[in-house]
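Me: I would like to go through this structure step by step, with the reasoning spelled out for each point. Please take the questions one at a time.

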Amino acid sequence: LRDARCPDWQAYPERLPGTPVVIEEAVVTAVFGDAFTIQDPEGGAYSALWVYNQRRELQDALQPGHLVRVEGSLIEFFTLTELVPDPSGITIQGMSPVPEPIVVNDPVRVADGGDLVEAMESVLIEVPSTRVLNTAPDCPRDFGMFVVSGNLRIGSEADFDYTPARSDVALSVRGVLHYSFEHQKLFPRGDEDIIAVDCGGL
């Protein structure tokens, strides 16, 4: 559905009604507010979708590791491939291991303009060994983001206790890659996805 190199790939409408699809046995990798991400159990590039659960069906019950069937419509929402479920279009089928995150050693490749942004869109990834460069990229507005090496934005769709400071060393940041408001962003799922060393702003 997502890899444009496939012979049966098609462009999706920018708004509803979209292209009807049924996704069988996908693994939930992250849950955020009114959205969640699903991924093929075997993982890999192009293996994930952002699901905009506007009716919030089962949203509070969903958790990473749930195996789900999703029936709905695919749209290309400001370049983000997004699945909008039909009413009663989400079925929890069981549990499955969450795919291991794909390690991206150079964060610039998944930041704005990076060569891997399409392949890694909505995929669970890990960026190791980076440094916090900016804690207020949208100053004077504050959307709870910070920026690490390679100008990769780390978003705050989920709650976490870590308070970034410039020059902190992020030994590992895990999350799903997302695009919104003209920027690529890595969305951690919680405190367990951020391992950082506080360097006191030095």
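**A surface patch, the backbone and the aromatic rings**

Reply: To begin with one residue of this predicted model, V197 has a relative accessibility of 36%, which lies between the cut-offs of 20% and 50%, so V197 counts as partly exposed.

Me: In which strand is V197 placed, and which residues form a nonpolar patch with V197 on the surface?
Reply: The place of V197 is in strand β12. On the surface, about 240 Å² of accessible area is shared by a nonpolar patch. Its members besides V197 are L171 and I195.

Me: Where is the confidence lowest in the protein, and where is it highest?
Reply: The mean pLDDT of the protein is 92, and 100% of its residues reach 70 or more. Against that background, the lowest confidence belongs to strand β12 (residues 194-197), at a mean of 91, while the highest, at 97, belongs to β3.

Me: Which peptide bonds that lead into P17 and P140 are cis, and where do these two prolines lie?
Reply: P17 lies in the segment before β1 (19-32), and the bond that leads into P17 from L16 is cis, with omega near 0°. P140 is found in the loop between β7 (124-134) and β8 (146-148), where the bond from C139 has omega near 10° and is also cis. The bonds asked for are therefore L16 to P17 and C139 to P140.

Me: R56 and S167 have a positive phi although neither is a glycine; is each of them buried, partly exposed or exposed?
Reply: R56, with a phi of about 60°, is found in the loop between β3 (48-52) and β4 (66-77), and its relative accessible area of 41% falls between the cut-offs of 20% and 50%. S167, with a phi of about 80°, is found in the loop between β9 (152-154) and β10 (169-180), and its relative accessibility of 18% is under the 20% cut-off. R56 is therefore partly exposed, whereas S167 counts as buried.

Me: How many disulfides does a search of the whole structure find, and how accessible are C139 and C199?
Reply: C139 counts as exposed, at 59% relative accessibility, whereas C199 is partly exposed, with a relative accessible area of 23%. A disulfide would need a pair of cysteine sulfur atoms within 2.5 Å, and the number found in the whole structure is zero.

Me: How many aromatic pairs are found, and why is the pair of F32 and F187 edge-to-face?
Reply: The search of the whole structure finds six aromatic pairs. One of them joins F32 and F187, whose ring centres are 5.7 Å apart, and because their planes stand at 70°, which is over the 60 degrees required, the pair is edge-to-face. F32 lies in strand β1 and F187 in strand β11 (residues 183-187), so this pair ties together parts that are 155 residues apart in sequence. The count asked for is six, and the angle behind the edge-to-face label is 70°.

Me: Are F32 and F187 buried or exposed, and which residue completes their aromatic cluster?
Reply: F32 has a relative accessible area of 1% and F187 one of 4%, so each value is under the 20% cut-off and both residues are buried. The one aromatic cluster that holds F32 and F187 is completed by W50.

Me: What is the geometry of the aromatic pair of F77 and F78, and how accessible are the two residues?
Reply: F77 is partly exposed, with a relative accessible area of 39%, whereas F78 counts as exposed at 64% relative accessibility. Their rings lie 4.9 Å centre to centre with 90° between the planes, and the geometry is edge-to-face.

Notes. Residues numbered from 1 in each chain as written. Predicted model: local features only at pLDDT ≥ 70, side-chain atom pairs only at ≥ 80, totals over all residues. Heavy atoms only, no water. Helix = DSSP H or I, 4+ residues; strand = E, 2+ residues; numbered from the N terminus. Buried < 20%, exposed > 50% of the residue type's maximum accessible area, 1.4 Å probe, protein only. pLDDT = per-residue confidence, 0-100. Patch = residues over 30% accessible without salt bridge, like charges linked within 9 Å, V, L, I, M, F, W, Y side chains within 5 Å. Areas by Shrake-Rupley, 256 points an atom, 1.4 Å probe, with all protein chains shown as cover. Salt bridge = Lys/Arg side-chain N within 4 Å of Asp/Glu carboxyl O. Phe/Tyr/Trp six-rings, centres within 6.5 Å; stacked < 30°, edge-to-face > 60°.
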